[in-house]
Amino acid sequence: MRKSIGIGASLAAAALLTACGGADGNTHPCTLMDAPAGIQVKVHPEPAQRTADATLTACWGDTCRKRALQLREITRPEEPAANWPGFATVRDLPGQPVRVTLVLKNQRGTTLLDRQITVTPKPTYPNGRNCSPAGHQARVTVTEKGSLLPR
């Protein structure tokens, strides 16, 4: 009995390694690395510094998902102005057009920005194009003047 379990485990491991190897003899390993589905938002420092509360709503078909968005300042030597990214996880984000509404409010609760844009999320490939895709993601940028742009 023990012998058949060992052979079965060896065969399963060999099948897994073969599946991870890719096509045409490519030995690129496909790991269990994943990438979350969601929408990345990059806000220009001008509106970001005045924002105390940010929400993002993503809608497709009859489905809408509203998420709080945490913006954080990140400075990089190659960028003169600070970068304020945020990410809203939307697990069931499809690979079809999605209406994104972004609302930014200040500390008093006054709306600074309430804009909508349509973007089409794309699959991500954290292990490379030779491996299965992970979650769909889209990107949106808020300009200094408060416009929403797909990126």
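## Disulfides, sheet and core of a predicted protein chain

At 7% relative accessibility, Cys131 is a buried residue, because it falls under the 20% cut-off. The model described here is predicted, and Cys131 is one half of a disulfide whose other half is Cys30.

### Disulfides

Two disulfides are found in a search of the whole structure. In one of them, the sulfur atoms of Cys30 and Cys131 lie 2.0 Å apart. This pair links distant parts of the chain, 101 residues apart. Cys30 belongs to the loop between helix H1 (2–20) and strand E1 (38–43), while Cys131 belongs to the loop between strand E8 (122–123) and strand E9 (136–142). The S-S torsion of Cys30 and Cys131 is about -90 degrees, so this disulfide is left-handed.

The other disulfide joins Cys59 to Cys64, with an S to S distance of 2.1 Å. Here the torsion about the S-S bond is about 115 degrees, and the disulfide is therefore right-handed. Its two cysteines are covered to unlike degrees: Cys59 counts as buried at 9% relative accessibility, whereas Cys64 is partly exposed, with a relative accessible area of 43%. When the bonded cysteines are numbered in sequence order, the pairing reads 1-4, 2-3.

| Disulfide | S to S distance | S-S torsion | Handedness |
|---|---|---|---|
| Cys30–Cys131 | 2.0 Å | about -90 degrees | left-handed |
| Cys59–Cys64 | 2.1 Å | about 115 degrees | right-handed |

### Overall organisation

The protein chain contains two helices and ten strands. Read from the N terminus, its elements follow the order α-β-α-β-β-β-β-β-β-β-β-β. Of the 151 residues, 34% are buried. The chain exposes about 9700 Å², and carbon and sulfur atoms supply 52% of that area. Among contacts with a separation of 6 or more, 57% are between residues 24 or more positions apart.

### The four-stranded sheet

An open sheet is formed by four strands in the order E3-E2-E6-E7, with antiparallel pairing. Its edge strands are strand E3 (63–68) and E7, each of which pairs on one side only. From one strand to the next, the twist averages 15 degrees.

Within this sheet, E6 and E7 run antiparallel and are joined by eight bridges. Two of the facing positions can be named: Val98 stands opposite Val119 in E7, and Val103 stands opposite Asp114 in E7. E6 and E7 also form a hairpin with five residues between them. In the turn, Gly109 has a positive phi of about 90 degrees.

Thr55 lies in strand E2 (residues 53–60). With a relative accessibility of 19%, Thr55 counts as buried, since the value is under 20%. Beyond its neighbours within four places in sequence, Thr55 is in contact with Lys66, Arg67 and Leu69, and also with Thr101, Leu102 and Val103.

### The nonpolar core

The largest nonpolar core has 25 residues, of which Ile39, Val41, Leu56 and Leu102 touch the most other members. At least two residues of this core come from each of E1, E2, strand E5 (79–89), strand E6 (98–105), strand E7 (111–119) and E9.

What does Ile39 touch, apart from residues up to four places away in sequence? Its partners are Leu56, Ala58, Gly86, Phe87, Ala88, Leu93, Val100, Ala138 and Val140. Leu56 appears in this list and is also named with Ile39 among the residues that touch the most other core members.

### The loop between H1 and E1

The loop that holds Cys30 also contains Ala35, between H1 and E1. Is Ala35 buried or exposed? Its relative accessible area is 13%, so Ala35 is buried. The C-alpha atoms of Ala35 and Gly135 are separated by 5.7 Å, although these residues are 100 positions apart along the chain. Leaving aside neighbours within four places in sequence, Ala35 is in contact with Thr124, Pro126, Ala134, Gly135 and Gln137. Two links from this loop to later parts of the chain can thus be named together: the disulfide between Cys30 and Cys131, and the contact of Ala35 with Gly135.

Note on methods. Residues numbered from 1 in each chain as written. Predicted model: local features only at pLDDT ≥ 70, side-chain atom pairs only at ≥ 80, totals over all residues. Heavy atoms only, no water. Disulfide = S-S within 2.5 Å. Buried < 20%, exposed > 50% of the residue type's maximum accessible area, 1.4 Å probe, protein only. Contact = heavy atoms within 4.5 Å. Areas by Shrake-Rupley, 256 points an atom, 1.4 Å probe, with all protein chains shown as cover. Core = buried A, V, L, I, M, F, W, Y, C linked by side-chain atoms within 4.5 Å. Pairing = 2+ DSSP bridges. Axes fitted to C-alpha atoms, helices over the stretch in contact; angles between N-to-C directions.
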